[in-house]
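Q: Please take one part of this model and look at it closely for me, saying who its neighbours are and how it fits in with the rest. Keep it informal, but give me the cut-offs as you go.

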Amino acid sequence: MSNMTELSRRIRKIYLLRRGLFGKLAADLEVDMQQNPILQYVKANPQCTQVELAKALAVSPASIASSIKRMQKTGLIQKEVNEKDLRQNRLSITQKGLETSEQCKAIAQSLNHKMFDGFSEQELEELESYLERLIHNLSSNKNEEDISLFSIIALENQLSIKESGGKND
């Protein structure tokens, strides 16, 4: 029987290597690892509010406000006051933000191709099946089995909050 501890370490190592490579390849872009999901969410949900964004990514509104401010300065996001409710700000992605988003997507696709190089279609299907089973085994509810980008980011943020003693900004 394979050493399950070693398998778990390999899964973590894959995550860390991919994250590090993404950071290196995206270094010239004016977006960091925490801002990319914000950019992707605003792109997918035009005119969303900062509160909606904070809930979707499971971070504090203060943390989102800080990131949005930086992203406005770099020209990735624009914020408009909601004329119906002056307390609400609506977010939209700029042309520069769209271009950056596409560059991030291309980097991610490039990493996927590199990571799965040499795998046959059948091997990829088998791997997907094994990974789905691992996710199912560790999930306590159906929401945790969701593999969308935003649900994964939210789960990662929730775990970071717990590890930091409850502070999420």
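A: Let's settle one word first: buried means under 20% relative accessible area, exposed means over 50%, and partly exposed is in between (1.4 Å probe, protein chains only). This is a predicted model, in which local features need pLDDT of at least 70 and side-chain atom pairs count only at pLDDT 80 or more, while totals for chains, interfaces and linings use all residues. Numbering starts from 1 along each chain as its sequence is written, and side-chain values use heavy atoms, with hydrogens and water left out.

The part I'd zoom in on is helix α2, residues 35-44. For orientation, the protein has 7 helices and 3 strands (DSSP runs numbered from the N terminus: H or I with at least four residues for helices, E with at least two for strands). Reading from the N terminus, the order is α-α-β-α-α-β-β-α-α-α. The C-alpha trace spans about 60 × 35 × 25 Å along its principal axes.

How buried is α2? Of its 10 residues, 8 are buried, so the rest of the structure largely encloses it. Those residues are Gln35, Asn36, Pro37, Ile38, Leu39, Gln40, Tyr41 and Val42. Across the whole protein, buried residues make up 26% of the 169 residues.

Now for the company α2 keeps. The largest nonpolar core (buried Ala, Val, Leu, Ile, Met, Phe, Trp, Tyr and Cys joined through side-chain atoms within 4.5 Å) has 25 residues, and the members touching the most others are Ile38, Val42, Leu53 and Ile77. At least two residues of this core come from each of α2, α3 (50-57), α4 (61-73), β3 (85-93) and α5 (95-115). As a general point, nonpolar side chains in soluble globular proteins tend to be buried together.

Take Ile38 on its own. Not counting neighbours within four places in sequence, Ile38 is in contact (heavy atoms within 4.5 Å) with Leu53, Leu57, Ile64, Ser67, Ile68 and Met71. Val42 turns up again in the surroundings of Ser92, a residue of strand β3. Ser92 has a relative accessible area of 10%, so it counts as buried. Beyond four places in sequence, Ser92 touches Val42, Gln47, Leu76, Ile77, Gln78 and Glu80.

A little further along the chain is β1 (residues 48-49), which holds Thr49. Thr49 is buried too, at 4% relative accessible area. Its contacts, with neighbours within four places left out, are Gln88, Asn89, Arg90 and Leu91. Long-range links like these fit into a wider count: among contacts between residues at least 6 apart in sequence, 57% join residues at least 24 apart.

Back on α2, Lys43 is partly exposed, at 30%. Lys43 forms a salt bridge (a side-chain nitrogen of Lys or Arg within 4 Å of a carboxyl oxygen of Asp or Glu) with Glu102, and the closest N and O atoms are 2.5 Å apart. That pair links distant parts of the chain, since Lys43 is in α2 and Glu102 is in α5, 59 residues away. Glu102 is partly exposed, at 40%.

The whole structure holds 3 salt bridges. Another one brings in the stretch leading up to α2: Lys96 and Glu30 meet at 2.5 Å, N to O. Lys96 is in α5 and Glu30 is in the loop between α1 and α2, so this pair ties together parts 66 residues apart in sequence. Both partners are partly exposed, Lys96 at 31% and Glu30 at 40%.

For contrast, look at α1 (residues 4-25), which contains Ile11. Ile11 has a relative accessible area of 45%, so it is partly exposed. A salt bridge joins the side chains of Arg9 and Glu6 at 3.0 Å, N to O. Both of those residues are in α1, 3 residues apart, about one turn of the helix. Arg9 is exposed at 53%, while Glu6 is partly exposed at 33%.

To put α2 back together: 8 of its 10 residues are buried, Ile38 and Val42 are among the core members with the most partners, and Lys43 has a salt bridge to Glu102.
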